[in-house]
Amino acid sequence: MLLAEVKAMVMDAAGGDPVLLFALRRRLFIRLMYWERGTPAERTKLKAAKHKALSGLCAICGELMDVEGLESDRTDALDSYTAENTRLVHHACHRQDQEAKGFR
Ligand SMILES: [Zn+2]
């Protein structure tokens, strides 16, 4: 299994050093997350560009949004956070929409 292989590789790379093992696991975790979600800088840049392009209006309720507290909602959850695959929404609108779709 892939996870077992990755674990064995990380353990091998750490060479029995618990501090290095901690650091390697943490780094791998963060890098995998950025691979899926993009880096914080990339996401901030995308949000700012979309906010400007959409005149700051929520894609769900159509009301004005502050840049602070808005969220990117992916159209296709399996695809990444790109300009084409995201819409900007209020946090509350996003939560209501997720609940309506059966996500929690
Ligand atoms: Zn809204």
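A residue is termed buried if 20 or more other C-beta atoms lie within 10 Å of its own, exposed if 12 or fewer do, and partly exposed in between, with C-beta atoms placed from the backbone. The model on display is predicted: local features need pLDDT of at least 70, side-chain atom pairs count only at pLDDT 80 or more, and totals for chains, interfaces and linings use all residues. Residues are numbered from 1 along each chain as its sequence is written.

**The whole chain**

Begin with the full C-alpha trace, which spans about 55 × 30 × 20 Å along its principal axes. The radius of gyration of the protein is 18 Å, whereas a compact globule of 104 residues would have one near 13 Å; this quantity is taken over C-alpha atoms, and the globule rule is 2.2 Å times the number of residues to the power 0.38. Of the 104 residues, 9% count as buried.

Colour next by secondary structure. Four helices and two strands are present, in the order α-α-α-β-β-α from the N terminus. These elements are DSSP runs numbered from the N terminus, helices being H or I of at least four residues and strands E of at least two.

Then select residues 2–37 and 40–100, which are domain 1 and domain 2 in the domain assignment; such bounds come from an automatic or database assignment. The C-alpha centres of the two domains lie 31 Å apart.

**Domain 1**

Select helix α1, residues 2–14. Its end C-alpha atoms are 18 Å apart, in agreement with the 18 Å expected for 13 residues at 1.5 Å a residue; the expected span is 1.5 Å times one less than the number of residues. The helix is hardly covered, the count of buried residues among its 13 being zero. Immediately after α1 comes G15, whose phi is positive, near 60 degrees.

Move on to R37 in helix α2, residues 18–37. R37 is partly exposed because 14 other C-beta atoms lie within 10 Å. Apart from neighbours within four places in sequence, R37 is in contact with R43 and Y81, a contact being a pair of residues whose C-beta atoms, placed from the backbone, lie within 7 Å. A C-alpha distance drawn from R37 to K7, 30 residues away in sequence, reads 22 Å.

**Domain 2**

Select L64, in the loop between α3 (40–53) and β1 (70–74). L64 counts as exposed because it has 10 C-beta neighbours inside 10 Å. Residues up to four places away in sequence aside, L64 touches G56 and L57. The C-alpha atoms of L64 and T39 are separated by 26 Å.

The adjacent selection, M65, has among its contacts beyond four places in sequence G56, L57, C58, L70, L88 and H90. M65 also belongs to the largest nonpolar core, whose six residues are C58, A59, M65, L70, L88 and V89. Such a core is a set of buried Ala, Val, Leu, Ile, Met, Phe, Trp, Tyr and Cys residues joined through C-beta atoms within 7 Å. In soluble globular proteins, nonpolar side chains tend to be buried together.

Finish at strand β2, residues 86–90, which is mostly covered, with four of its five residues buried. β2 pairs with β1 in the antiparallel sense over five bridges; pairing requires that DSSP find at least two bridges between the strands. To locate one of the bridges, select S72, whose partner in β2 is L88.

Conventions. Contact = placed C-beta atoms within 7 Å.
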